[in-house]
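This report sets out the architecture of a single protein chain and then turns to selected residues. The sequence and the structure are shown first.

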Amino acid sequence: MTARFVLLVVAKAPVPGLAKTRLCPPATPAQAAQIAAAALLDTLDAVCAVPGAAPVVAMTGDLGAAALATEIGLALRGVTTIPQRGWDFGARLANAHADAAAVHTGLPILQIGMDTPQVTPDSLTAAAAPVVHGGHDSVLGPAEDGGWWALGLADPRHAQVLAGVPMSRDDTGERTLSALTACGLRPRRAARLSDVDTMVDARAVAAACPDGRFARAVAAVRGRAVA
């Protein structure tokens, strides 16, 4: 099937002690890395099953030291992998769009992270629809914590506005929306999702996707959930 859009996943190698540290406690660093690895693998399963999507993963970190490194390596064989580059997260996001667009010239891009393992092929298709065949220039999927989980652009060059947006804040979503509208775009809203920052988040997301690796990794953690 000819690709109609790029599905770009921005990911970090789930290395114990570096991945999902806000899950600790009650998770140990090894358990937090297992949860992050499971989230990435479940996300890749969904991404690779989306009809008409060309999957691209922008990766950073040491995969050799990651939890579930062998399984992740096998999963990445089915996608195009590019390195992240940039001085901060906003710049890395902007550059990931540019680099993915260089691989798949002329296609719109839907970019997600690895913190929403509850996504499905259907939900990703719906999120991409406004820029793929809906005649819209952009789409933004808000996250419950004030950030965003998905950004779709009919013209990936507009992702350069991300370089000026402070990331990982409770107003990142609104700032991103403002940056997009300031350059003349009219973003459609995608579904609101919860991403995974704390163990409370992790357990809520696991309940939404109980049959995946992520839910099993979360279930392995015992103890009181802390925000």
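## Fold and overall dimensions

From its beginning to its end, the chain runs through the pattern β-α-β-α-β-α-β-α-β-β-α-β-α-α. The model is a predicted one. Its secondary structure amounts to 7 helices and 7 strands.

The C-alpha trace spans about 50 × 35 × 35 Å along the principal axes of the chain. The radius of gyration is 16 Å, which agrees with the value near 17 Å that a compact globule of 227 residues would have. Buried residues account for 51% of the 227 residues. Of the contacts in the chain with a separation of 6 or more, 70% are between residues 24 or more positions apart.

## Surface and charge

The chain exposes about 10,000 Å², and 54% of this area is supplied by carbon and sulfur atoms. It carries 19 positive and 19 negative side chains, and the centres of these two sets lie 1 Å apart.

## Cysteines

How many disulfides does a search of the whole structure find? The search finds 0 disulfides. Cysteine 48 takes part in no disulfide, and its nearest cysteine sulfur, that of cysteine 209, is 17 Å away. Cysteine 209 is likewise in no disulfide, with the sulfur of cysteine 48 as its nearest cysteine sulfur at 17 Å. A disulfide requires two cysteine sulfur atoms within 2.5 Å, so the separation of 17 Å excludes this pair. As to accessibility, cysteine 48 counts as partly exposed, at 43% relative accessibility, whereas cysteine 209 is buried, with a relative accessible area of 13%.

## Backbone features in the loops

Two peptide bonds in the model are described here as cis. One joins cysteine 24 and proline 25, with omega at about -15 degrees. The other runs from proline 25 to proline 26, with omega near 10 degrees. Proline 25 lies in the loop between β1 (5-12) and α1 (29-48), and proline 26 is also placed in the loop between β1 and α1.

Positive phi values occur at two residues that are not glycine. Leucine 68 has a phi of about 55 degrees and is found in the loop between β2 (53-60) and α2 (69-76). Serine 168 has a phi of about 60 degrees and lies in the loop between β6 (148-153) and α5. Are these two residues buried or exposed? Leucine 68 is partly exposed, with a relative accessible area of 28%, while serine 168 counts as exposed, at 73% relative accessibility.

## Buried residues and their contacts

Three further residues, listed below, illustrate the interior of the model.

| Residue | Location | Relative accessible area |
|---|---|---|
| Valine 10 | strand β1 | 8% |
| Threonine 116 | loop between β4 (109-112) and α4 (121-132) | 2% |
| Glycine 173 | helix α5 (residues 172-182) | 8% |

Valine 10 is buried. Neighbours within four places in sequence aside, it is in contact with Ala58, Gln84, Phe89, Leu93, Ala96, Gln111, Ile112, Gly113 and Met114. Ala58 falls in the range of strand β2 (53-60), and Gln111 and Ile112 fall in that of strand β4 (109-112). Valine 10 and aspartate 211 are 201 residues apart in sequence, and their C-alpha atoms are 23 Å apart in space.

Threonine 116 is buried although it is in a loop. With neighbours up to four places away left aside, its contacts are Thr43, Trp149, Leu193, Ser194 and Asp195. Thr43 falls in the range of helix α1 (29-48), and Trp149 falls in that of strand β6 (148-153).

Which residues does glycine 173 touch, not counting residues up to four places away in sequence? They are Leu140, Gly146, Gly147 and Trp148. Glycine 173 and glycine 147 are 26 residues apart in sequence, yet 4.2 Å apart in space from C-alpha to C-alpha. Glycine 173 itself is buried and belongs to helix α5. Trp148 falls in the range of strand β6 (148-153), so that glycine 173 in helix α5 is in contact with a residue of this strand.

Methods. Residues are numbered from 1 along each chain as its sequence is written. This is a predicted model: local features need pLDDT of at least 70, side-chain atom pairs count only at pLDDT 80 or more; totals for chains, interfaces and linings use all residues. Side-chain values use heavy atoms; hydrogens and water are left out. Helices (H or I, at least four residues) and strands (E, at least two) are DSSP runs, numbered from the N terminus. The radius of gyration is taken over C-alpha atoms; the globule rule is 2.2 Å times the number of residues to the power 0.38. Buried means under 20% relative accessible area, exposed over 50%, partly exposed in between (1.4 Å probe, protein chains only). Contact means heavy atoms within 4.5 Å. Accessible areas come from the Shrake-Rupley method with a 1.4 Å probe; for residues, only the protein chains shown count as cover. Lys and Arg count as positive and Asp and Glu as negative; His and the chain ends are not counted. The place of a charge is taken as NZ of Lys, CZ of Arg, CG of Asp or CD of Glu.
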